[in-house]
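Here are some short exercises to work through with the structure open beside you. Try each task before you read its solution.

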Amino acid sequence: MNRIINELAKSCTIKPLNEGALLISLGNSIDVGINLFIIELHRRIIAVPFPGLIESVPAYSSLAVYFDTGVVKGIQPNYETAFDVVREHLENILRKIVLADDDTKNQVIEIPVLYDGEDLGFVADRHFLTHEEVIAIHVSVTYRVFMIGFLPGFAYMGSVNKRISTPRRSSPRTFVPGGSVGIAGTQTGIYPQSSPGGWQLIGRTPLRIFDKEKSSPCLLNPGDRVRYYPIDLIEFEKRNEY
Amino acid sequence: MSIKILRPGLVTTLVDEGRTGFRSIGIGPGGAMDLFAMSVANYLVGNDKRSATLEIHFPGPEILFQQTHILAVTGMGFEPRIDDQVVPLWTPFKIEKDSILRFGKKTRGSRAYLAVHGGWNAQEWLGSFSTHSGVQAGGYRGRALQKNDILEAGINKVEVEKEKDLPGGIPPHELNRIYSAPHEIRCIASAETDLLSPSSENEMFTSSFIIHRQSNRMGYRLEGVSLFLRQSVELISSPVDFGTIQLLPDGNLIVLMADHQTTGGYPRIASVSQVDLPKLAQLNPGEKINFKMISFFEAESELLSREKHLAELRHTYLIHFKKLLYRDSTFD
């Protein structure tokens, strides 16, 4: 295992995103091992913040570090750029990473879904399945949250069974209601708020996924495990928090 | 009561420097589009840079002042008037009780910032006063101002009614350092710059692009020559920032602006240099831009000297307002 981690740390590329942000990248794939590495890197960066750190943002296989250029440069004036200072700091962290436990033992968050999405028929037809079969396949998997992005609290989850995976709509909807559950390729996710969006909508959850009044406003966080279960309209309306 | 909105204008929202520390849960910084103009508006009235200002677009709002206040309006192209008298941009001024502030438009420019001495009483959400319209939080009830809204200003530190010694404004030559050559937007390489085909890279920096009608605080769509990658690639979601230039699958560019998403899946082929974001924020749909590539080192040096310039402005006005405060307190 340690050898694999070593290889991961060595294969990272570090590039500027702009003058005040750099990007650490580990290729372009949705992979649990790589994502665990990225989440561990994120934890270590924020555990001991370097002077000038603004924030660290983990994604699937990449992570951005945003920093205050003036503060970083002020502390280390001998380096040519603030980017060089932050890169060196991150290279030191990368060298020390040993992987945290994998997260398959994490508690499973259960999410009720009324499977009445506008694209359920499209997904079913595309794969020569009935609506019930699509639902059965969607609820059969324990998904993992890889990252939060796009909208406040929007969790990218994987991986959807190939038998129902469906690319994004060719033309995005201008309005997707909050709570909508969708599929995009092998990813599944829930729109926390109403927004434009291109994912194939298969249902909606009555649960509030993002609550601005709470100190930790997101129901789902990277590394969480998620299972969906079907509910009917009566239960949906009884529990609807939107 | 402090001010009453008689007409809301196109989009008038409370903004500050933005919300930091929450990108990892999908909440972008938001904040002012033109951070230079926003900060300077605060400095001109003796506020610290964390105070909220009103971001104003054309047509601007009509605002009734129910008390006397010290104000400053910054930004480009607007012509603020008290009743029918024109007041200069980038200069602190006093508005008397029961006066109406309106915003005419004179020259090119897109956004103005209205700061009040003492700051606007905005709602704070996750450490920022900026309006987040997506989740309806921060600023004024998480939304743009509407007719008959009442907005309070914070506590005046100086004796506003008697005040006659307001500091002067920002001279035009200083503003030229930021806003001259309005259509020339400098940029630097970003994460996927090397994916751009050599001919497209050449075209990006030799041809002009027009800002599309469908441009807003989230992003500017650009119209112009279609650009291509060396080979097409499907990227998974990865972080982006204010100023990131993405190449869409149809060959068009989009520049992410203040209300951008935290992550995106399109190639980041360049980034607008941070010192030119205020300039870009003052452009309107239909206007043209030319990109000019500069080195990372040059962009960083420019950014550091911009920060120094802002710190000097802040210091100058802080001293002035401290003197006013000290003078007043000696008469107590």
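## Exercise 1: Two cis peptide bonds

Ser159(A) sits in the loop that runs between strand 7 (155-158) and strand 8 (173-176) of chain A. Keep in mind throughout that this is a predicted model.

**Task.** Which residue is joined to Ser159(A) by a cis peptide bond? Then find the residue that a cis peptide bond joins to Pro59(B).

**Solution.**
- Step 1: The partner of Ser159(A) is Gly158(A), and omega of this cis bond is about -5°.
- Step 2: Now go to chain B, where Pro59(B) lies in the loop between strand 3 (53-57) and strand 4 (62-65).
- Step 3: Phe58(B) is joined to Pro59(B) by a cis peptide bond, with omega about -5°.

## Exercise 2: Positive phi angles

**Task.** Look at Phe150(A) and decide: is this residue buried or exposed? Do likewise for Trp90(B).

**Solution.**
- Step 1: Locate Phe150(A) in the loop between strand 6 and strand 7 of chain A.
- Step 2: Its phi is near 70°, which is positive in a residue other than glycine.
- Step 3: A residue is buried if 20 or more other C-beta atoms lie within 10 Å of its own. Phe150(A) has 23 C-beta neighbours inside 10 Å, so it counts as buried.
- Step 4: Trp90(B) belongs to the loop between strand 7 (85-86) and strand 8 (93-95) of chain B. Trp90(B) is not a glycine, yet its phi is positive, about 60°.
- Step 5: Inside 10 Å, Trp90(B) has 20 C-beta neighbours, so Trp90(B) counts as buried.

## Exercise 3: Ala21(A) and its surroundings

**Task.** Leaving aside neighbours within four places in sequence, which residues are in contact with Ala21(A)?

**Solution.**
- Step 1: Start in strand 2 of chain A, where Ala21(A) lies.
- Step 2: Within 10 Å there are 26 other C-beta atoms, so Ala21(A) is buried.
- Step 3: The contacts of Ala21(A) are Ala64(A), Val65(A), Tyr66(A) and, from chain B, Asp241(B).
- Step 4: For a distance to check on screen, take Val57(A): this residue is 36 residues from Ala21(A) along the chain, and their C-alpha atoms are separated by 10 Å.

## Exercise 4: Where the chains touch

**Task.** How many residues does each chain bring to the contact between chain A and chain B?

**Solution.**
- Step 1: Chain A brings 42 residues and chain B brings 35 residues.
- Step 2: Several elements of chain A give two or more residues to its side, including strand 1 (13-18), helix 3 (69-75) and helix 4 (82-96).
- Step 3: Strand 3 of chain A gives the largest share of that side, five residues.
- Step 4: Sorted by kind, the residues on the side of chain A are 23 nonpolar, 13 polar and six charged.

## Exercise 5: The two domains of chain A

**Task.** How many residues of domain 1 of chain A are in contact with domain 2 of chain A?

**Solution.**
- Step 1: Set the bounds: domain 1 of chain A covers 2-96 and domain 2 covers 108-239.
- Step 2: The C-alpha centres of these two domains lie 31 Å apart.
- Step 3: Seven residues of domain 1 are in contact with nine residues of domain 2.
- Step 4: On the side of domain 1, helix 2 (residues 32-47) gives the most, with three residues.
- Step 5: That side divides into six nonpolar residues, one polar and no charged.

## Exercise 6: Chain B and the largest core

**Task.** Which helix of chain B gives the largest share of the largest nonpolar core?

**Solution.**
- Step 1: Begin with the whole chain: chain B has five helices and 20 strands. Its radius of gyration is 21 Å, close to the 20 Å that the globule rule gives for 332 residues, so chain B is as compact as a globular protein of that length.
- Step 2: Of those 332 residues, 49% count as buried.
- Step 3: The largest nonpolar core has 83 residues, and those with the most contacts inside it include Ala41(B), Leu71(B) and Val255(B).
- Step 4: Helix 1 (residues 35-44) of chain B gives the largest share, eight residues.
- Step 5: Domain 1 (3-170) and domain 2 (184-294) of chain B each give at least three residues to this core.
- Step 6: Apart from this core lies another one, of 69 residues, with Ile39(A) and Leu63(A) among them.

Technical notes. Residues are numbered from 1 along each chain as its sequence is written. Chains are lettered from A and ligands numbered from 1 in the order in which they are written. This is a predicted model: local features need pLDDT of at least 70, side-chain atom pairs count only at pLDDT 80 or more; totals for chains, interfaces and linings use all residues. A nonpolar core is a set of buried Ala, Val, Leu, Ile, Met, Phe, Trp, Tyr and Cys residues joined through C-beta atoms within 7 Å. A residue is buried if 20 or more other C-beta atoms lie within 10 Å of its own, exposed if 12 or fewer, and partly exposed in between; C-beta atoms are placed from the backbone. Helices (H or I, at least four residues) and strands (E, at least two) are DSSP runs, numbered from the N terminus. Domain bounds come from an automatic or database domain assignment. The radius of gyration is taken over C-alpha atoms; the globule rule is 2.2 Å times the number of residues to the power 0.38. Ala, Val, Leu, Ile, Met, Phe, Trp, Tyr, Cys and Pro count as nonpolar, Asp, Glu, Lys and Arg as charged, and the others, Gly among them, as polar.
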